[in-house]
Amino acid sequence: VLFIFDEPTTGLHFHDINKLLKSFYALIEKGHSLIVIEHNVEVIKCADWLIDLGPDGGKGGGQLLYQGEPEGIINVPESLTAKYLSAKLTTDH
């Protein structure tokens, strides 16, 4: 089954975000696939594959800036996601 989640962390306490991530992992272990649209860097850094669209939203967006493992985005200077995610990737790994 393919599950699609749109901003699932909105309004969640960080302890609840950890529970959500455990639920995601449980779904994956059972053979399901997930697509998660998210802005929370704690969730983004856990992704197997990251797709970054931008460089801005609306008329200034829609371009594929990056796709690949989250660590690779730090090499994309025009990515706003890279700006926020790079600190998390370098301090948490």
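This is a short tour of a predicted model, with selections to make in your viewer.

**Before you start**

Number residues from 1 along each chain as its sequence is written. Because the model is predicted, local features need pLDDT of at least 70 and side-chain atom pairs count only at pLDDT 80 or more, while totals for chains, interfaces and linings use all residues; side-chain values use heavy atoms, with hydrogens and water left out.

**Stop 1: the largest nonpolar core**

Select Val-41, Ile-44, Leu-50, Leu-65, Tyr-66, Ile-73, Val-76, Ala-82, Leu-85 and Leu-89, the 10 residues of the largest nonpolar core. Such a core is a set of buried Ala, Val, Leu, Ile, Met, Phe, Trp, Tyr and Cys residues joined through side-chain atoms within 4.5 Å. Buried means under 20% relative accessible area, exposed over 50%, and partly exposed in between (1.4 Å probe, protein chains only).

Now colour by element: helix H2 (41–44), strand E4 (63–68) and helix H3 (80–92) each give two or more residues to this core, and H3 gives the most, with 3 residues. Helices (H or I, at least four residues) and strands (E, at least two) are DSSP runs, numbered from the N terminus.

Apart from this core lies another, of 5 residues, including Ile-17, Leu-20, Leu-21 and Phe-24.

**Stop 2: Ile-73, Ile-74 and Val-76**

Pick Ile-73 and show its contacts (heavy atoms within 4.5 Å). Leaving aside residues up to four places away in sequence, Ile-73 touches Leu-50, Asp-52, Tyr-66, Ser-79, Thr-81, Ala-82 and Leu-85.

Next, select Ile-74, in the loop between E4 and H3. Ile-74 counts as partly exposed because its relative accessibility is 40%. With residues up to four places away again set aside, Ile-74 touches Ala-82, Ser-86 and Leu-89.

Then move to Val-76, in the loop between E4 and H3. Val-76 has 10% relative accessibility, so it counts as buried. By that contact rule, not counting residues up to four places away in sequence, Val-76 touches Leu-65, Tyr-66 and Ala-82. Try a distance too: the C-alpha atoms of Val-76 and Lys-45 are separated by 15 Å, with the two residues 31 apart along the chain.

**Stop 3: strand E3 and its partner**

Select E3 and show side chains. Leu-50, Asp-52 and Gly-54 point to one face and are buried, whereas Ile-51 and Leu-53 point to the other and are not. In a regular strand the side chains alternate between the two faces of the sheet.

Add E4, which runs antiparallel to E3 and is joined to it by 5 bridges; two strands pair if DSSP finds at least two bridges between them. Look for Leu-53 opposite Leu-64 in E4.

Step on to Pro-55, in the loop between E3 and E4. A cis peptide bond joins Gly-54 to Pro-55, with omega about 10°.

**Stop 4: the largest pocket**

Centre the view on Val-36, Ile-37, Glu-38, Leu-50 and Ile-51, which lie nearest the centre of the largest pocket among its 36 lining residues. Helix H1 (14–29), strand E2 (33–37), H2, strand E3 (50–54) and H3 each supply at least two residues of the lining.

**Last stop: Glu-7**

Finish at Glu-7, in the loop between strand E1 (2–6) and H1. Glu-7 has a positive phi of about 50° although it is not a glycine. Glu-7 counts as partly exposed because its relative accessible area is 22%.

Notes
1 Å grid on protein atoms, 1.4 Å probe; cavity = no way out; pocket = protein on both sides within 12 Å on 5 of 7 lines; lining within 4 Å.
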